[in-house]
Amino acid sequence: MLPMTGADPFARIRAATDAHRARHGCSAYRYDNGPLLAVLARAANARRILELGTALGYTALSFASGAPDATVDTVERDAEHVRLARDNIAAAGMDHRITVHEGEFAAVLPALDPGYDVAFFDGGAPTPGLHKALRGLLRTGGTLITANLSHGGTADAVRKALFEGKSWRSALLDADGETAISVKL
Ligand SMILES: C[S@@+](CC[C@H](N)C(=O)[O-])C[C@H]1O[C@@H](n2cnc3c(N)ncnc32)[C@H](O)[C@@H]1O
């Protein structure tokens, strides 16, 4: 029988993120499925990718490996995470394509150029304000992946905008309703 999942080239960083979180007591909960993000980036033929929530670089590296012509901008406020992510990205030979921006999402986003092909929100519960800023940075027809949608509170308003309005075409990526994939209409 074929295995259900392929190998994850960044399994070591995924495991290091779990170990770091246990020591640091922080919110570096790595995304479950880096290979899925890699394939989505490739399917979108992404040239520019934006990520909110770097942690140790697991998903930024997954995106970059899936879309070999893409650059990735990823944003992180925790100085220790930024240092570890930059080390991991350099060790993987991806530092010419991945930029880790240190700072609060709300402070960094206004300095970025619009026109991203893919954006990924993985920085705690999504909020309507950040969601609106991400929409402004994404090109029409671009792909937004929103994690942590089942966190309640502000996440409920974001879920409503993604699924009930006319600005996005959305589907859930997992059975527990945690992550949505959406196309900007
Ligand atoms: C769930 S982790 C990201 C996991 C990463 N995408 C992965 O799968 O390996 C969320 C990260 O976002 C960062 N973060 C949370 N809120 C933030 C904010 N307002 N501005 C900048 N970084 C933030 C946290 O420090 C944490 O490292």
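Trainee: What volume does the largest pocket have?

Mentor: The volume of the largest pocket is about 770 Å³, a volume being the space filled by probe spheres set on grid points joined across faces, edges and corners. The model is predicted, so local features need pLDDT of at least 70 and side-chain atom pairs pLDDT 80 or more, while totals for chains, interfaces and linings use all residues. Residues are numbered from 1 along each chain as its sequence is written, and side-chain values use heavy atoms, without hydrogens and water.

Trainee: What makes a residue part of the lining of the largest pocket?

Mentor: On a 1 Å grid over the protein atoms alone, a pocket is an open set of points with protein on both sides within 12 Å along at least five of seven lines, and a lining residue has an atom within 4 Å of a point. The largest pocket has 36 such residues, and Ser-27, Tyr-29, Asp-122, Gly-124 and Asn-148 lie nearest its centre. Helix H3 (58–66) and helix H5 (105–108) each supply at least two residues of this lining.

Trainee: Which space does the ligand take?

Mentor: A molecule sits in a pocket if more than half of its atoms lie within 2 Å of the grid points. The ligand takes the space of the largest pocket, so it satisfies that rule.

Trainee: Which residues come nearest to the ligand?

Mentor: Around the ligand there are 18 residues, of which Tyr-31, Gly-53, Thr-59, Glu-76 and Asp-122 come nearest; a residue counts as near if one of its heavy atoms lies within 4 Å.

Trainee: Why is the pair formed by Thr-59 and the ligand called a polar contact?

Mentor: A polar side-chain atom of Thr-59 lies 2.7 Å from a nitrogen atom of the ligand. A polar contact is a pair of N or O atoms within 3.5 Å, so this pair qualifies. A polar backbone atom of Tyr-31 is 2.6 Å from an oxygen atom of the ligand, and a polar side-chain atom of His-81 is 2.9 Å from an oxygen atom of the ligand. Taken alone, the ligand exposes 600 Å², of which the protein buries 93%.

Trainee: What makes the phi of Asn-148 notable?

Mentor: Most residues other than glycine have a negative phi. Asn-148 is not a glycine, yet its phi is positive, about 65 degrees. This residue lies in the loop between strand S5 (138–146) and helix H7 (154–164). Asn-45 also has a positive phi, near 50 degrees, and its place is in the loop between helix H2 (34–43) and strand S1 (48–52).

Conventions: On a 1 Å grid over the protein atoms alone, a cavity is a set of points where a 1.4 Å probe fits but cannot get out, and a pocket is an open set with protein on both sides within 12 Å along at least five of seven lines; lining residues have an atom within 4 Å of a point. Helices (H or I, at least four residues) and strands (E, at least two) are DSSP runs, numbered from the N terminus. A polar contact is a pair of N or O atoms within 3.5 Å; within protein, one must be able to donate a hydrogen and the other to accept it, and residues adjacent in sequence count only if both atoms are side-chain atoms. Accessible areas come from the Shrake-Rupley method with a 1.4 Å probe; for residues, only the protein chains shown count as cover.
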